[in-house]
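Got the model open in your viewer? Set it to cartoon, colour by chain, and let's walk around.

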Amino acid sequence: MPKVTIDGIQYEFNPGETIIQVAERNGIHIPHYCWHPKLSVSGNCRMCLVEVEKMPKLVIACSTLAMEGMVVHTKSERAIKGREHVMEFLLINHPLDCPICDEAGECMLQEYAYRHGTGYSRFIEEKNQKPKRVKLGPYVMFDAERCISCSRCIRFSKEIAKADQLTFVQRGDRVTIETFPGKQFDNPYSLNVVDICPVGALTNIDFRFKARVWEMSATKSICPGCARGCNIDIWVRNNEILRLTPRLNESVNDYWMCDHGRINCFKFVNAKDRVDGPHLRKDGELIKVKWDEAVNYTISELKKFNPNEIAVIASPFATLEDNFVLLKFAKQVLRTKNIFYNPHIKPGDQDDILIREDKTPNSTGLKLLGIQTSENGLSIETLSEFIKTKVIKCLIVVEDDPIASNSKLKDVLQNLDTVVVFATNQNKTTEYTKILYPAATYAEKNGVFVNFQGIAQRLRPAISTIEMERTLDGMALSRLDKFGTEFDKWARPVKYDAMSTWKILSQIARGFGFKFDYMTSEDVFIEIGNNYRAFSGLNYESLGDKGYKLNLTKVIEEKILV
Amino acid sequence: MVVLIPLAKIAIAISILLFIVTYLVYFERKISAWIQDRIGPNRVGPYGLLQSPADVLKLFFKEDIVPSAATKFVHSLAPVISLTVAMSTYAVIPFGPDIEIFGQKVRLIVADVDVGILFILAFASIGVYGLTLSGWASNNKYSLLGGLRSSAQMISYELSMGISVVGVLILAGSLRIYDIINSQQGWMWNAFIQPIGFITFVVAAFAETNRLPFDLPEAEPELVGGYHTEYSSLKFAMFFLAEYANMIIASCLITTLYLGGWHLPFIDSATLSYGLMPLISVMIFVAKVLFLLFFFIWVRWSIPRFRYDQLMNLGWKVMLPLSLLNLMWVALLVYFFKI
Amino acid sequence: MAVKKRKKDLHFFERIYLVEIIKGLLLTLKHLFKPKFTLQYPEEKIEQAPSYRGRPVLVMDNGKERCVACGLCSRVCPALAIQVQASETEDEKERYPVLFEINMLRCIFCGFCEEVCPEEAIVMSKDYELVFTRYDDAIFGKDKLLVPVEKLKDRLEFVRTQMRK
């Protein structure tokens, strides 16, 4: 293999690689703005200047191919001086509005000005005036003054989002970015430009001015928006989710996530309609009760029915652990085989980039557990018939809204004797339930989703419920979380009285006299491994941050338990 | 009458004593403030005059805390000893010459004891029990150290004090305080005749009353209040009272022994009406005492506290030889001049 | 400062202490009669110098706060006394604090917030009288923090000339 010398050390490279690629791969950071590993090379920011021996001028590392015997200096005096001058040019017209800029704290211009800048400005002329608040599309706000014209956003929309909606207009110091006349920057991946914009020129309207980045904690998690299961960071301040950002995972979502996931997949967690504490219907009203009371009542209700009279709706929104315990509960405690799930497929809403038409994050997980969309003729479509004919008298719904999927159910629901619902938020089904348990959302629990590729990925709790304590449960902590006392307003967050479904089910099962003594969700996951070959030998550590590709070929038809 | 007059005397003496103590505290605070360029108490009553009564009232209402590990009986007994002793000593100090009220000849003294000086010395020695017992009974290392220091200090300085007094006794030829005062008429103040004795006595008096250059038993910075660390409320007030009462007694004693009591040169020989004479005498006596009290306070806010080894050095290596020197001087005076 | 003498260097009169004690007594006596400069606090008050660091306040310019809610004061505050919530405004400054609270029980009057502020929007005032009877009273919101710029002129001048040379 050919070799290139960077800063005195020889590195092997594949022909066709540029200097910056070789350097990044070997942990040498060359400052850059316009270069992005997944975008084409543009070479217009000039920040990645390096010195190459026998070349008369400094060259940009992003577009110079590495050559056999090339000797590159990234930290030589000339290279450093060169970058200093580039920094000076970039800062000439950049406004000093970091205090109001959302990017502050994660801004590469700040970072490099600090690391590679001179620390003072020789520029005494008036700065350029450009439009400050341009709404490029429904989600993205553009500040032309802050833009350093790196063209990352333009290349992203052209190359990754396949929607050529942005372009440079004007020239020289008047250059700015615009959409084509009458067009909006509205492709389903538009918000990714906010992430890749190295400065604060493009900001997320949804997150705008909500919090400074250093006030939040970031928790590695999985987007529940579709079967893709994009890796995300959940940004939390004062126990409230403020934004989601994609997290690099080359085998799932690369650097990207879709706008739908980013905008819609966290608001329900802190929404007003969250179910807070277990509820029982008394005189037609859902009344909040103590956990013990709800559990005891549930047990006495469930004991009234024959196994065949009970139907259980599992949830592709819930974790693998929740569904496994539900399955075990149905088969061992209730002795019913009537367990199926409600698929959420939006035909056609799928592309080659990320979005999948299966809008649930864990349907593959359910299939692996052996839960199907229909069982013994029972499915979401036929359920209303079974209820009408009084074959099914009791319905258990876990983290789903069957009435929203099948409106016919609404009319027959009064035929049921008992409905038990585990729900995160109030929905159409909770309006009819007799017993309502508050389920923890994906952001409040540990667990595993299996995406459509068969990659098992981990969820981590980002916001805490009443039963959790940020520090004790090892959750991500911001500075405020660490040092707050009960007298600080920012340490008195809204906490919901909710629990992971597997925990509630185990409690009920123990009430029936069964041994469902799991301490953590990892205990459940390990038991899944003991029962299903696809998961055998796995634990949370082996899933890591980027998931574990399951071997699907031999297990998809397997039906064991228990 | 035999009973009533002494009782009246006791009542008057004690109420005057308590009154003076109360305002002595006020003046101590005022003078200390002035010396430190401050104003001092000025909020309670006009010029802050009601500050001391307010403090007393406050002490009354404080919770009386007794440490659980303390020897309770002795802990309560100690302040009583301190105060009783201080007050008793007061009994043998005359304030002025004899007066006549309603035809009754009244001596301005509660008990005219023949061995007045011995009585005072004896009682002053008992006073140390109050401090030592309180230090021991509190079951606290600071209190114990304070008590220990006070007993060591008392013993060291009582010696030179006693020997200084012997000089006065030789000159007066009597242990009765009346006789001592009367022997100092005119310019014959013992302070002038035996200055070394005067100085040693004053220094010893400071040490005996635990006043500032010698307040090692309390020594707030080191001992957190020393023997009265564990006292609060009325018991603390008793110690407080005893300290100031001791100060007044010491002033009275210095006045009687060295500053000629109620005598003042030229006043004795002046022809004054018989009724006015005792009044002026009492005023002279009180004035001298007040000056000495001011001197006590003044010294407290001027001179820093001794170190313990310095205290002992001074007591044994300086004070004792000096008082013996004074004794020899007086003996020589008597031998050669037959005074 | 007087030069401290070793014991062996003292001459006779210094050694017998008496003279020195009298000197000391005369000094304190002199002070006894000197004029006093105690201030009768609740009735008389000191006009604090511009360098005085009283409670932090927000500068109000033309009826609006200068603050743009950048959160730097909140970040730099060693006692975590400051809480800021930003929001968008139609004004030129784009951003303003919809909520700005200083917990005066946490505040240690270090002045870091003033030093770090890029807008000269928070300054230390001369106000030192802070008494509360309830925890919640100690949390000062914008209503208590906003002070017109006219009242803070000398402090702003001081900040400009002395602290940012």
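Here is a tour by selection, chain by chain and then into the holes.

**Stop 1: the chains**

Keep in mind throughout that this is a predicted model. Show all the chains first and look at who touches whom. There are 2 pairs of chains in contact, and chains A and C share the most contacts. Now hide chain C for a moment. What joins chain A and chain B? No contact does, and their closest C-alpha atoms lie 32 Å apart.

**Stop 2: chain A as a whole**

Select chain A. You should be able to find 16 helices and 25 strands. Turn it along its principal axes and the C-alpha trace spans about 85 × 50 × 50 Å. Of the 562 residues here, 57% are buried. Take the contacts in chain A with a separation of 6 or more: 66% of them link residues 24 or more positions apart.

Next, colour by domain. The domain assignment gives domain 1 as 3-91 and domain 2 as 304-423 + 444-549, so you'll need two ranges for that second selection. The C-alpha centres of these two domains of chain A lie 49 Å apart.

**Stop 3: a helix in domain 1**

Select residues 77-92 of chain A, which is helix H2. You can check its length with the distance tool: 16 residues at 1.5 Å a residue should span 22 Å, and the end C-alpha atoms are 23 Å apart, which agrees.

Now turn on side chains. Which residues of H2(A) are buried? Ala79(A), Gly82(A), Arg83(A), Glu84(A), Val86(A), Met87(A), Glu88(A) and Leu90(A). While you look along the axis, remember that an α-helix has 3.6 residues a turn, so residues three or four places apart point the same way. To see what covers the buried residues of H2(A), add strand S3 (49-52), strand S5 (71-73) and helix H3 (108-116) of chain A, which are among the covering elements.

**Stop 4: a loop residue and a small sheet**

Stay in chain A and pick Lys54(A), in the loop between S3 and strand S4 (59-60). Its phi is positive, about 75°, although it is not a glycine. Is Lys54(A) buried or exposed? With 86% relative accessibility, Lys54(A) counts as exposed, because the cut-off for exposed is over 50%.

Then move on to the open sheet of 3 strands in the order S6-S7-S10 of chain A, where the pairing is antiparallel. Strand S6 (134-135) and strand S10 (202-204) are at the edges; each has a single partner strand, so one side of each is left without a neighbour in the sheet. Zoom in on S6(A) and strand S7 (residues 140-142), which pair over 2 bridges. Here Lys135(A) stands opposite Met141(A).

**Stop 5: a sheet in chain C**

Bring chain C back and look for another open sheet of 3 strands, with antiparallel pairing and the order S3-S4-S6. The edge strands are S3 (82-88) and S6 (139-140), each pairing on one side only. S3(C) pairs with strand S4 (residues 95-103) over 7 bridges; select Gln83(C) and you'll find that its bridge partner in S4(C) is Glu101(C).

The loop between S3 and S4 of chain C holds Glu94(C). Its phi is positive too, near 70°, and it is a residue other than glycine. Where does it sit, buried or exposed? Glu94(C) counts as buried, at 1% relative accessibility, because buried means under 20%.

**Stop 6: the largest pocket**

Show chains B and C together, with a surface. The largest pocket has a volume of about 2000 Å³. It is lined by 46 residues, and those closest to its centre are Phe306(B), Ile16(C), Tyr17(C), Leu18(C) and Ile21(C). To frame the pocket, select H8, helix H11 (276-300) and helix H12 (308-337) of chain B, plus helix H1 (12-15) and helix H2 (18-32) of chain C; these give two or more residues each to the lining. H12(B) gives the most, with 8 residues.

**Stop 7: the largest cavity**

A search of the whole structure finds 9 cavities of 30 Å³ or more, and the largest has a volume of about 340 Å³. Of its 24 lining residues, pick Ala124(B), Met154(B), Glu208(B), Thr209(B) and Asn246(B), which lie nearest the centre. Helices H3 (72-89), H4 (116-137), H5 (141-172), H8 (195-208) and H10 (233-258) of chain B each give two or more residues to the lining. H10(B) provides the largest share, 7 residues.

Terms used: Residues numbered from 1 in each chain as written. Chains lettered and ligands numbered in written order. Predicted model: local features only at pLDDT ≥ 70, side-chain atom pairs only at ≥ 80, totals over all residues. Heavy atoms only, no water. Pairing = 2+ DSSP bridges. Helix = DSSP H or I, 4+ residues; strand = E, 2+ residues; numbered from the N terminus. Expected span 1.5 Å × (residues − 1). Buried < 20%, exposed > 50% of the residue type's maximum accessible area, 1.4 Å probe, protein only. Contact = heavy atoms within 4.5 Å. 1 Å grid on protein atoms, 1.4 Å probe; cavity = no way out; pocket = protein on both sides within 12 Å on 5 of 7 lines; lining within 4 Å. Points joined across faces, edges and corners; volume = space filled by probe spheres on them.
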